[in-house]
Amino acid sequence: MKKILSTTITSLLILVFSTSVFAVGSGSGGVPSDDNTPAPKQEPAPTPKQEPAPKQTAPTKSAPISTPKPEKVCNDIENIKERIGCRLEKSEEELKKEPYMPEECRAIADDSGKQNCIDRYLSLKPCWSATQGKDRIACVKAKLGLPQKLQTAKKLCENKEANCIEDYRQKIYHLITFRFYDAEERVEKWYEEGKLNLEVTTDFVAFIATSKIIFNSARSKNERLEVIKEVISRWNQTVEFVKSAKSK
Amino acid sequence: MKKFLAIIIVVLSLTACTSQIDIEDSKDIEIPEDNSGEYDLNLENAILELDLVE
């Protein structure tokens, strides 16, 4: 009986040990999702699956999709694409006369949330003068109050207040939507350089604005992940288009 | 004796689960440095950043 007992214990110990070794070896690619809810399709136009309309022959800034009167306030336009197109056609000086209202903030219903959003945008403004890439992201992290070396929420918030995880999560979301914003700004720069026309640029900027709103209202990791993937896909399409136009 | 064996099995199983959870928790996600090329948006890093908090 003792023999049976010792054999059983030995077998179980081997089993336990081998399970642990397997756990170390698996998974360098991140924590698996605990949420398998399918991501909803993006309803507001344009969807990321739309082509960036790369049909232009010669990129030009003079292909208006709407013709706003000079005195028109872009913020008063209801349609998001028309509103963005209106802003793109205005000079920086003209835009200064309009109330500052990023599309992401415009979508927030409550006034304090809206104001917090505007304040965040304003606080991140200096980061645009930093070199794109690591310097700009380092600036954003600093402004958002994030550590330069990011950690998992669980590790970062060990022995900290209860709201630490939620606070960290929101800051990370802001960092991610800033990355979307970065895409928008680069595309606008290509527009100013004549590499993209107004229609393509408006579509892209509206797509990014919509993506930020959908990302903020997402309720699961999968939904957020889906938005990021769609932005990646749309960005890659646009980059390919700009590169091909450049090589012509 | 059966009771004793059952207790050992339960204890060892729990130990196995706990050690696995500990290993999972101790893993960290290394986010690569952002590239600064004109076309580098580094959105793959956004996916990793999302992993940190979800």
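In this predicted model, Ile214(A) counts as buried because its relative accessibility of 17% falls under the 20% limit. The residue belongs to helix H9 of chain A. A partner distant in sequence is Ala107(A): 107 residues separate it from Ile214(A) along the chain, while the two C-alpha atoms are 10.0 Å apart in space.

Helix H9, which spans residues 198-217 of chain A, also meets helix H2, residues 80-89 of the same chain. The two axes come within 9 Å and cross at roughly 125°. This angle lies outside the range of 65 to 115 degrees for roughly perpendicular axes and is not over 145, the limit for roughly antiparallel ones, so H2(A) and H9(A) are oblique to each other. Their crossing is right-handed. On the H2(A) side, the contact is made by Ile80(A), Lys81(A), Ile84(A), Gly85(A), Leu88(A) and Glu89(A). H9(A) contributes Leu198(A), Thr201(A), Thr202(A), Asp203(A), Val205(A), Ala206(A), Ala209(A) and Thr210(A). Sorted by character, the residues of this contact comprise seven nonpolar, four polar and three charged.

Aromatic residues offer another view of the model, with 10 aromatic pairs counted over all chains. In one of these, the ring centres of Trp190(A) and Tyr39(B) are 5.7 Å apart and the planes stand at 50°, so the pair is tilted. This pair crosses between chains: Trp190(A) sits in helix H8 (residues 164-192) of chain A, and Tyr39(B) in the loop between H1 and H2 of chain B. Trp190(A) itself is buried, since its relative accessible area is 1%, against a limit of 20%. Both residues of the pair take part in one aromatic cluster, together with Phe204(A), Phe207(A) and Trp235(A).

Trp235(A) leads on to a further residue of chain B, for it is among the contacts of Leu41(B). Leu41(B) is placed in the loop between helix H1 (2-26) and helix H2 (43-53) of chain B, the loop that also holds Tyr39(B). With a relative accessible area of 5%, Leu41(B) is buried. Setting aside neighbours within four places in sequence, its contacts are Arg179(A), Asp182(A), Ala183(A), Arg186(A) and Trp235(A). Trp235(A) thus appears both in the contacts of Leu41(B) and in the aromatic cluster with Tyr39(B).

Notes. Residues are numbered from 1 along each chain as its sequence is written. Chains are lettered from A and ligands numbered from 1 in the order in which they are written. This is a predicted model: local features need pLDDT of at least 70, side-chain atom pairs count only at pLDDT 80 or more; totals for chains, interfaces and linings use all residues. Side-chain values use heavy atoms; hydrogens and water are left out. Axes are lines fitted to C-alpha atoms, for helices over the stretch in contact, and angles run from 0 to 180 degrees between N-to-C directions. Helices (H or I, at least four residues) and strands (E, at least two) are DSSP runs, numbered from the N terminus. Angles under 35 degrees count as roughly parallel, over 145 as roughly antiparallel, 65 to 115 as roughly perpendicular and the rest as oblique. A crossing is left-handed if the near helix is turned anticlockwise from the far one by less than a right angle, and right-handed if clockwise. Contact means heavy atoms within 4.5 Å. Ala, Val, Leu, Ile, Met, Phe, Trp, Tyr, Cys and Pro count as nonpolar, Asp, Glu, Lys and Arg as charged, and the others, Gly among them, as polar. Buried means under 20% relative accessible area, exposed over 50%, partly exposed in between (1.4 Å probe, protein chains only). Rings of Phe, Tyr and Trp (its six-membered ring) pair if their centres lie within 6.5 Å; planes under 30 degrees apart count as stacked, over 60 as edge-to-face and the rest as tilted.
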